[in-house]
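Work through the exercises below with the sequence and the model open. Try each task before you read its solution.

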Amino acid sequence: MLTKRIIPCLDIKDGRTVKGVNFISLRDAGDPVELAEAYSKSGADELVFLDISATEEKRKTLAELVRKVAATINIPFTVGGGISSVEDVDVLLQNGADKVAINSVAVKNPQLINELAAKFGKQCIVVAIDAKQVRDNWLVHLVGGKVPTEIDLFDWVKEVEERGAGEILFTSMDHDGTKAGFANKALAKISEMVSIPVIASGGAGSKDHFCDAFIKGKADAALAASVFHFKEIEIKDLKQKMKEKGIEVRL
Amino acid sequence: MSIESKIASEKIVIIDYGAGNIQSIKFALERLGYEGILSHDAEEIKSADKVIFPGVGEASSAMRKLKSTGLDKLIPQLKQPVLGICLGMQLMCNRSEEGETEGLGIFDVDVVHFEKTLKVPHIGWNRIKDLKTDLFKGIKENEFVYLVHSFYAPVCSKTIAKCDYGVNYSSALKKDNFHGVQFHPEKSSSAGEKILENFLKI
């Protein structure tokens, strides 16, 4: 049986992790390479690096970082943030990234999903979707959830699958940062609609929340940042709990 | 660990034909203390002690790239140990449903698509079992490996490892000097590194 994946997410700015981490075992908690290594050793199934820097030098710094991470860890990792072209993706993959995540650019230029899938294969194209519930509708939001659109989440999910997304990373803006659990109803609906894997994001606060995302939300993977960075949840303990609940997991 | 003392004298060539993430394989070799040479040059490949044939992407376009460089003729004639990884392994089979392309015909089996009822690609960590040959020396049954693929080679007489995703399929194949693994050893944590190391020691 394929196992459910646990994915820590690292926010990167100018080549350093931000938002803070609390790994006392590390010499430098801001060093993404060191943190990536610690996570790969602690049982993370994959990692996501989200680049939030906006400098001119950005692309070069990110490519260098990707190279260092790829040289160090032996589990797969995804890189996202500010990718806007086939060339951007090419550079990241050439430097050792396994997958890339695109978000706002996919909404502005949906054809890019088709182009990326055709050139690199759909398995390495993750389409990240941020959405928020507005009255009875889930609407897609851009720029890290700041800019609302009129696009219906579920219509968009269907479209990105048809265009060649290999995975969907769904973040509920309503749940993100609340530590009150994932958006399981919306997750389950997405998961049943598509035949590609769905990664749940936003709302992780306890081990039970992860289990619910897999059982109620029917997610294939779950992503979180601070609960892992601040050691509120140890990945090994989380996986043990998942196993006890009958969820297939790599331990 | 001293890198110098671990660098082996083996010449390992990773076939570079413009398909996929070969940097990761090179890095994995370096972590094991080996140097991998990226090349599509026939003489360089022929003179290698070990050849790694990677591949990520789409089968028919990868096959076209192999044909345009003559590698489709060269690879089946290689005498040294060859390891096909992921799409590399699939291309070593007779043919693939992906883009309805012929393959290199090393493994006498046809690559087919997973059932439509399953989530595809098959992405993530799954178990390998019924492990045979020295490629899996020291690897326990039901060990986890990382996989990313939408097509698979059914179980056949050349199967040396199986995986279960809706169906039992070939997670590894072997015929003479040719080995193929569907999973990514370079991304499969310490077990994957052990399998790579086993191959390098054949």
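**Exercise 1. The interface**

How many residues does the contact take from chain B and from chain A?

*Solution.* Start with the ground rules. This is a predicted model, where local features need pLDDT of at least 70, side-chain atom pairs count only at pLDDT 80 or more, and totals for chains, interfaces and linings use all residues. Residues are numbered from 1 along each chain as its sequence is written, chains are lettered from A and ligands numbered from 1 in the order in which they are written, and side-chain values use heavy atoms, with hydrogens and water left out.

Now count. Contact means heavy atoms within 4.5 Å. Chain B brings 28 residues and chain A brings 39 residues.

Next, the area. Buried area is the accessible area (1.4 Å probe) that two parts lose on being put together, summed over both. Here about 2500 Å² is buried between chain B and chain A. Carbon and sulfur atoms give 52% of that area.

**Exercise 2. Polar links across the interface**

Find the salt bridges and polar contacts between the chains, then map the side of chain B.

*Solution.* Step one: salt bridges (a side-chain nitrogen of Lys or Arg within 4 Å of a carboxyl oxygen of Asp or Glu). Two span the interface of chain B and chain A. One of them pairs Asp98(A) with Lys187(B), at 2.9 Å from N to O.

Step two: polar contacts. These are pairs of N or O atoms within 3.5 Å; within protein, one must be able to donate a hydrogen and the other to accept it, and residues adjacent in sequence count only if both atoms are side-chain atoms. The interface has 14 residue pairs in polar contact, both residues at pLDDT 80 or more.

Step three: elements. Helices (H or I, at least four residues) and strands (E, at least two) are DSSP runs, numbered from the N terminus. In chain B, α2 (23-31), β8 (122-129), β9 (143-149) and α7 (189-200) each supply at least two residues of the side that touches chain A. β8(B) gives the most, with six residues.

**Exercise 3. Asn74(A)**

Is Asn74(A) buried or exposed?

*Solution.* Locate Asn74(A): it sits in the loop between α2 (58-72) and β4 (77-80) of chain A. Its relative accessible area is 12%, so Asn74(A) is buried (under 20%; exposed is over 50%, partly exposed in between; 1.4 Å probe, protein chains only).

List its neighbours. Asn74(A) touches residues of chain B including Arg31(B), Lys187(B), Ser190(B) and Glu193(B). The side chains of Asn74(A) and Glu193(B) form a polar contact of 3.4 Å.

Key:
Lists of a residue's contacts leave out its neighbours within four places in sequence.
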